[in-house]
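Dear colleague,

I am passing on the structure below, and my notes on a few parts of it follow. Please read them with the coordinates open beside you.

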Amino acid sequence: MSGRWKKVIWALLMVQLCLFHVFLLNKIRYEADYIWYRGCVRLNLPFAFYHKGFALVVLGTSFVSAVMILLFLIRYRKFRVTCIHGMYPACEEGLISRYERACVRAGIERESRKVIYKSPKAATPFVLGFYKPVLLLPEWIKDDETCDMALFHECVHIKHRDTWYKLFLFLCEAVCWYNPFAYLICSVGRRDIEIDCDETVIAGCAKDKRAEYGQFLIDSLKKVQERECVHSAFFGANGKEMQARILAIMEEKRPYDVIAKMAAALLLAETVLVISVTGWGRIKEHQVQKAPENIYEGYEKPECFTDKTLERMLALDPVEEDAYSKEVQTLNGREADSDQNGQLPFETSGPWQIGLTRPNYYGESVSRLVYRYLNYDRDQIAASERILADGAYDYPETSYQRLLAGDQREAVFAVVLREFWEDTSTAKTEDELPFFGRTEKVDGYYYVYYPLAVHVKMVGDQVFELKGIGEMDETVEAFRARYPQTDYSDVPCFVGKPDFETEPGFAVRTSDGSLEMKKDGEEEWMTVPVTLEDLFTRGDEMDGALTRLQDGSYQCNGIKQIFAYGGCGSFGQSPGTPVQVVYYDEETGVFRNSVVTKDYGSVRRLFVSFPKDNETGYLLLTCERTMWQEGTACFVTQDGGKSWKELMVEKGGELMLHSLTMDMRFITIEIGFITIRDSQEPYVIRTNDGGISWSIASFHGKKEYYSIAYAPFFEEGQLVLDVGEEEYGKNGGIKARYISEDLGENWVFDKYVLKQ
């Protein structure tokens with residue numbers, strides 16, 4: 001098979017690889033978004049990052065390609081400068097005459113012929129450049145018949161524009177850098193460039209002339225070390241490539257050229273067909289302006305939130321907590337997931353049916369069907385466009401989901417969905433929300449939560465239909481009543497913020513490098529006279545660890561507006577800054593500052609708590625951390641923060657040592673709690689004498705894996721305390737809720753709750 005047809009085949013295959021690259025990126029578009037989306041949710045990143053997965057994949061692959069091209073340009077420029085620095089025009093008349101004859105044989109027009117150069121940097125003859133290529137000869141080249149062969153060989157390179165061909169191969173390789181076939185094609189393509197020129201040089205020559213040319217190639221190989229650059233066409237080659245070239249020039253007949261021509265024609269036809277079909281489809285997509293489609297038109301809402309809806313749900317057999325995961329494993333073992341590139345065996349009918357490419361994971365239909373239900377009373381055209389475009393992850397995020405009853409054929413799920421509210425400055429009003437939604441502010445962003453029971457049914461292979469929706473708590477209670485033998489205690493109640501966090505008070509924000517607060521109902525923000533650097537700086541080598549106000553280090557509600565900061569220093573040394581507070585004096589309408597203590601450096605966390613009035617309050621600091629142990633010191637004020645007194649937390653005034661502190665709060669003037677990190681069981685210490693002495697609280701009905709306790713609070717007159725798992729934060733995930741009837745000495749498990 002001739003080298004020329006091989007070059008055509010390699011070029012077409014490279015185009016195919018680039019088309020495959022585009023196809024692959026389009027194929028993983030939603031998968032990349034989904035994986036990134038789940039990672040953002042897991043890491044609790046801001047909502048703005050949620051939909052950037054595919055963009056990051058494109059940027060990542062493009063970055064690697066750009067680096068490869070940049071390195072190529074640097075190498076090329078360095079090589080070109082080196083060659084130009086030492087080259088000079090060849091002035092031998094015989095050499096110039098031979099070059100003219102070589103140009104004529106190669107078919108190079110007179111106006112395209114350039115001056116030939118010699119260079120001590122050149123080890124073999126080669127062509128340099130793209131737009132205006134020049135021929136460089138080594139100084140050892142002689143004015144003889146072998147020189148004719150070398151000059152003719154390089155003139156063929158110029159005529160065939162082989163430098164452009166090698167550049168094309170490299171650019172395709174840079175685009176498909178992750179594909180090993182790209183490197184293989186580049187390697188054999190560079191080899192066949194030389195073979196093509198060799199075959200042109202010895203075309204029509206006798207066997208002895210072929211042998212003479214082969215000997216010349218071998219002699220050239222001995223004169224040069226292996227040097228391969230994609231930006232030039234080299235006469236020399238490495239040993240394996242030279243062996244292939246010798247075999248090619250000694251072969252007189254090429255019986256496979258017909259097959260090569262057929263293969264090239266098929267590849268060309270396939271490439272043109274793929275480009276034309278996809279290109280024409282995109283052109284038509286942009287040119288033809290379709291009328292907006294409303295998928296809801298002609299369809300009514302399914303019956304939801306009625307007694308009949310609930311009865312239909314209760315007719316399904318109840319299941320245990322892990323039934324869904326077990327069923328998914330069974331289905332996966334029995335039959336592989338059906339993925340037919342989005343081509344479903346049954347077409348969906350109307351907005352209340354949805355097709356899944358993974359029908360075994362039928363729980364994935366819940367959030368998407370609820371999203372359609374929510375948009376029925378909104379802008380139906382805009383929602384239809386998002387749904388038809390399969391905007392994969394615009395539908396609400398699933399905070400909690402549990403199969404209550406049924407199986408893949410028909411199922412009822414308890415689910416809590418949350419939807420991002422784009423206007424972060426205000427919460428949704430009751431008029432804007434469906435009656436089953438509620439607004440919560442999480443990390444400065446507003447979300448709408450929907451605790452629901454969703455009834456779905458399989459109406460065809462891979463197609464699921466929404467049969468009804470009910471309120472989650474009401475539905476779960478109905479299942480408990482109908483099926484008392486089934487344990488639904490694992491289903492959490494959805495709760496929002498505690499009463500003391502949601503009561504009318506003050507709002508806090510950081511703006512333009514300063515801390516601001518304002519009273520609810522007022523428009524003007526007041527600047528708190530403390531820098532963000534002071535607020536975010538701690539000791540204990542925590543510089544840079546805080547990027548916002550530490551939870552618990554401030555209280556800003558109707559009782560007290562106070563912020564604690566300072567305690568920066570190194571372990572075992574005096575503090576660089578004392579522990580201080582800045583608080584708002586409502587009587588005078590000004591902020592005041594006071595020093596709590598200068599005795600402690602290496603402060604890790606600060607907590608303040610004013611339980612009943614703005615005069616008596618407590619401040620707790622943690623310091624001198626070693627591994628997973630640290631000390632705490634407690635201070636009390638009885639004049640609103642003007643002066644502070646250290647409490648005797650241990651006999652002899654020693655620091656109280658324990659594992660890392662998680663939270664602190666006083667619920668009365670005398671009774672307070674410190675919660676401490678523990679990986680086995682809840683660890684809470686309690687005082688009933690205003691912080692002078694502390695004892696360990698008792699827990700009854702401890703739940704496995706729930707060990708991280710947080711400070712208790714009153715909710716609807718009941719003292720409650722939440723205990724979470726290691727991987728969830730204070731205000732997220734499922735919590736085991738405990739209640740106390742004796743103001744916190746003993747705690748009894750009550751239920752699971754879902755906090756956001």
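Please keep in mind throughout that this is a predicted model. I begin with a strand pairing: in S33, Arg-737 is the bridge partner of Asp-722, and this contact belongs to an antiparallel pairing of strand S32 (residues 718-724) with S33 that runs over five bridges.

S33 also pairs with strand S34 (residues 746-755), again in the antiparallel sense and over seven bridges, and within S34 it is Val-748 that stands opposite Ile-739. The two strands S33 and S34 form a hairpin with five residues between them, and in that turn Leu-743 has a positive phi of about 60 degrees. Because six of the eight residues of S33 (residues 733-740) are buried, the strand is largely enclosed by the rest of the structure.

The second region is helix H15 (residues 472-482), whose buried residues are Met-472, Thr-475, Val-476, Ala-478 and Phe-479. Seen down the axis of H15, these buried residues fall within an arc of 160 degrees, and therefore they line one face of the helix. Among the elements that cover them are helix H11 (307-314) and the strands S7 (397-406), S8 (410-420), S10 (445-460), S11 (463-471) and S12 (493-494).

Lastly, Lys-166 lies in helix H6 (residues 162-175), and with a relative accessible area of 3% this lysine counts as buried, the cut-off being under 20%. Gly-189 is 23 residues away from Lys-166 in sequence, while the C-alpha to C-alpha distance between the two is 7.9 Å.

With best regards

How values were computed:
Residues numbered from 1 in each chain as written. Predicted model: local features only at pLDDT ≥ 70, side-chain atom pairs only at ≥ 80, totals over all residues. Heavy atoms only, no water. Helix = DSSP H or I, 4+ residues; strand = E, 2+ residues; numbered from the N terminus. Buried < 20%, exposed > 50% of the residue type's maximum accessible area, 1.4 Å probe, protein only. Pairing = 2+ DSSP bridges. Arc of directions from axis to C-beta. Contact = heavy atoms within 4.5 Å.
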